[in-house]
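Here are a few friendly notes to read alongside the model. Take them one at a time and look for each spot as you go.

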Amino acid sequence: MDLKDKMNKKTITGITAALIMLLSGCSGNVPDTVQTSQTSAETTGITENTAEQATGTTADERPVDKSDAIDIKFRFADEQEGEQRLLAQKGYLEGLTRNDLDYRVGRKGADLDEFRQLLKENVLSFTDEEKELLTMYVEKMEDRMNEMGFPYKVPEEIVFVKTTMAEEGDAAAYTHGTEIYLGQDPMNYCTEVGTYDQDFAELVAHEFFHCMTRGNEDFRRDMYSVIGTTIDSSIEIDPAMRANILSNPDVERYDNYAVFDIDGTPTECMIVTYVEDYEEGYESFFDHIRPALLPVRTQDRFYFADDVPDFFNVVGRNTGYVIAAEECMADNFAYAMVYGSRDRDGNEYPSQDIIDSILEKCSGK
Ligand SMILES: [Zn+2]
């Protein structure tokens, strides 16, 4: 899940539909299944070798063997498939708390059927322009990963689904499994800008991170370790505390902790998303959440950043979106992928060590 106002804060520049058509190559329909480069890389391997013999290319000048290159396969769900995929998220749906349902439906005492109805009503289909543009963003990220020698295995397939985001508090995007749900607002923004935009690239990389952590436990462990977070599957959340932890489709597991200074004692705590009890008239849950720490052994109360002197020493200062280790690292990963070792303005990051560590782990050895 990514903050709802991340994409809205930008002013839309006046790029016309004509320019969008120009950039998208004026093609008509975009195939739902994007042709991947795996086959062509394998095929061109033979051609390259032949060309090499003909031109007498030396070993050092040989084209890079692309057979093990990162190849992100992806496609776009239509409205019907999107609905089916959302309704199939049984673990997520059945795990929703009273507060989760009330905030999402906007009514005290909401039930799961109302939320299911909301899911059905808010799925959309991508336009051809949106598909073209998203394809460009994924390919850019893929190029970047190949330049880095990204050593982790990527998901077999990413499925993009478009919704209004009304079902998730007007977030910009969120994920389930290896499905990336994108909101209409960022898609409008993306098509109106019509060319590569770093904010949108950040959004795509952030969501891609969530898909990666689900499918690749080594990647998840390595990334969490950057902020001193350990994965421990024996942790179980106390149901009484769970009522005030917002469910987030991007945070599937409550199984990790880092050590924070709690009342002067180093204490293993999970970073969770504290949510106030829903009251009539409340709008998006984004207005009623804050990052909190829950000591994993006692689980007796929540501690907020102000209570914990070393909170930002642990999670770093690159992002304020630290409502879970997963979200903190998704933002940091997105910065490292989109901007590299200096931030978007060419400056050091406030917590440079986090970015350096991500880049080191994500670069070929
Ligand atoms: Zn997220």
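1. A word to start with: a residue counts as buried if 20 or more other C-beta atoms lie within 10 Å of its own. Keep in mind that this is a predicted model. In helix 8, which spans residues 184-193, the buried residues are P186, M187, Y189, C190 and T191. Just after helix 8 comes G194, with a positive phi near 75°.

2. How do helix 7 and helix 8 cross? Their axes come within 10 Å and make an angle of roughly 80°. Angles of 65 to 115 degrees count as roughly perpendicular, so helix 7 (residues 128-148) and helix 8 are roughly perpendicular to each other.

3. Which residues meet there? Helix 7 brings E129, E130 and L133, while helix 8 brings M187, C190 and T191. By class, this contact has 3 nonpolar, 1 polar and 2 charged residues.

4. Next, the core. The largest nonpolar core holds 86 residues, and F160, A205, I227, M329 and F333 have the most contacts inside it. Helix 13 (residues 325-339) gives the largest share, 10 residues. At least three residues come from each of domain 1 (17-35 + 70-220) and domain 2 (228-362).

5. Try I227 as an example: leaving out residues up to four places away in sequence, I227 touches A258, V314, V315, G316, A325, C328, M329 and I354.

6. Finally, is E236 buried or exposed? E236 sits in the loop between strand 6 (230-231) and helix 11 (239-242). It is exposed, because 11 other C-beta atoms lie within 10 Å and the cut-off for exposed is 12 or fewer. The C-alpha atoms of E236 and V296 are 8.3 Å apart, though 60 residues separate the two along the chain.

Methods. Residues are numbered from 1 along each chain as its sequence is written. This is a predicted model: local features need pLDDT of at least 70, side-chain atom pairs count only at pLDDT 80 or more; totals for chains, interfaces and linings use all residues. Helices (H or I, at least four residues) and strands (E, at least two) are DSSP runs, numbered from the N terminus. A nonpolar core is a set of buried Ala, Val, Leu, Ile, Met, Phe, Trp, Tyr and Cys residues joined through C-beta atoms within 7 Å. Domain bounds come from an automatic or database domain assignment. Two residues are in contact if their C-beta atoms, placed from the backbone, lie within 7 Å. Axes are lines fitted to C-alpha atoms, for helices over the stretch in contact, and angles run from 0 to 180 degrees between N-to-C directions. Angles under 35 degrees count as roughly parallel, over 145 as roughly antiparallel, 65 to 115 as roughly perpendicular and the rest as oblique. Ala, Val, Leu, Ile, Met, Phe, Trp, Tyr, Cys and Pro count as nonpolar, Asp, Glu, Lys and Arg as charged, and the others, Gly among them, as polar.
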